[in-house]
Amino acid sequence: MTGDTRAALLASLALQAEWGADEALLETPADHMAARVGGRDMPEAVPGATVLRPASIAPALPGTDPGAHPHTEPAGAAATLAALRDALAGFDQCALKRTATQLVFADGAEDARIMFIGEAPGAEEDRVGRPFVGPAGQLLDRMMASIGLDRGKVRIVNVVPWRPPGNRTPSETEIAQCLPFLHRHIALVRPAVVVLLGAVAVRALVGGKEGITRLRGKWREIEVPGLEGGLRALPTYHPAFLLRQPEAKRLAWADLLELRRECVESCIYGESDMLFTQVITKS
Ligand code: URA
């Protein structure tokens with residue numbers, strides 16, 4: 001193989017990885033362009049693949065209509081977190097499951113008063129099976145520690161529990177498919193407040209089109225099926241964003257102070273349970 005051919009092949013591989021094709025699904029390559037069904041050019045179905053409904057007919061976020069939503073049943077039937085985990089493990093409707101290594105269910109206390117909700121597992125989480133263990137997770141640990149919190153005091157989950165290939169943003173359909181499980185998770189833990197880490201968590205649980213920059217730092221009341229009354233939610237920047245934009249840590253710090261203030265004022269935790277231990281700008 002010449003140097004030019006090798007360079008061209010590597011460039012093509014890099015492009016595919018950039019587009020998210022970073023997992024091998026089949027032993028042999030499938031030429032989808034060559035497949036013909038009924039005389040028409042049709043992509044060949046991957047064995048075992050589920051045909052997804054287009055996002056346009058997926059339920060509108062963030063509310064779910066229990067009557068119309070096909071995924072509400074297995075989630076809603078779960079009476080415990082263990083049953084919810086089993087229900088998710090047996091849930092085959094979300095295509096992300098087929099490319100992920102494993103389910104990344106949750107971390108932290110099952111009766112936590114504060115729940116942190118991220119977007120989706122990344123490569124490290126996919127390998128280890130726990131949310132927020134990679135670089136963004138290490139920053140999240142430091143952010144929590146800055147106001148005296150740790151994984152033993154909070155619950156940590158993601159909007160989708162499987163890693164999207166190439167770390168792409170989960171689609172509306174994938175979010176809608178997993179949302180009943182997230183709702184059930186929240187209803188079973190019954191936290192006093194939730195912290196929405198980044199735009200995807202906000203989009204899933206608050207809805208609307210407003211960006212995280214406008215929403216961050218302001219408490220919202222969200223509706224969660226199975227929970228009576230509204231639930232207080234604080235949007236803030238995602239730690240992965242803060243790693244890319246360290247100057248935004250100043251605003252994230254203000255949000256953490258607001259979280260601490262609310263927790264102490266509402267007696268979720270005492271002042272002595274939420275001692276300042278380190279500052280997040282210390283990297
Ligand atoms: N980013 C997330 O949103 N969740 C994780 O678990 C890791 C990175």
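Let me begin at the ligand, where one of its oxygen atoms sits 2.7 Å from an N or O atom in the side chain of H238, a polar contact in the sense of a pair of N or O atoms within 3.5 Å. Of the 240 Å² of accessible area that the ligand has on its own, the protein covers 92%, with areas taken from the Shrake-Rupley method with a 1.4 Å probe.

Please keep in mind that this is a predicted model, in which local features need pLDDT of at least 70 and side-chain atom pairs count only at pLDDT 80 or more, while totals for chains, interfaces and linings use all residues. Residues are numbered from 1 along each chain as its sequence is written, and side-chain values use heavy atoms, with hydrogens and water left out.

Which other residues surround the ligand besides H238? They are G118, E119, A120, P121, E125, P131, F132 and N158, where a residue counts if one of its heavy atoms lies within 4 Å. A polar side-chain atom of N158 is 2.7 Å from a nitrogen atom of the ligand, and a polar backbone atom of F132 is 2.8 Å from a ligand oxygen atom.

Turning to the sheet, 6 strands form an open, mixed sheet in the order 3-5-4-6-8-7, strands being DSSP runs of E with at least two residues, numbered from the N terminus, and two strands pair if DSSP finds at least two bridges between them. Strand 4 (residues 114-118) runs parallel to strand 6 (residues 193-197) over 4 bridges, and I117 has L196 in strand 6 as its bridge partner.

Notes. Polar contact = N/O pair within 3.5 Å; in protein donor to acceptor, adjacent residues only side chain to side chain.
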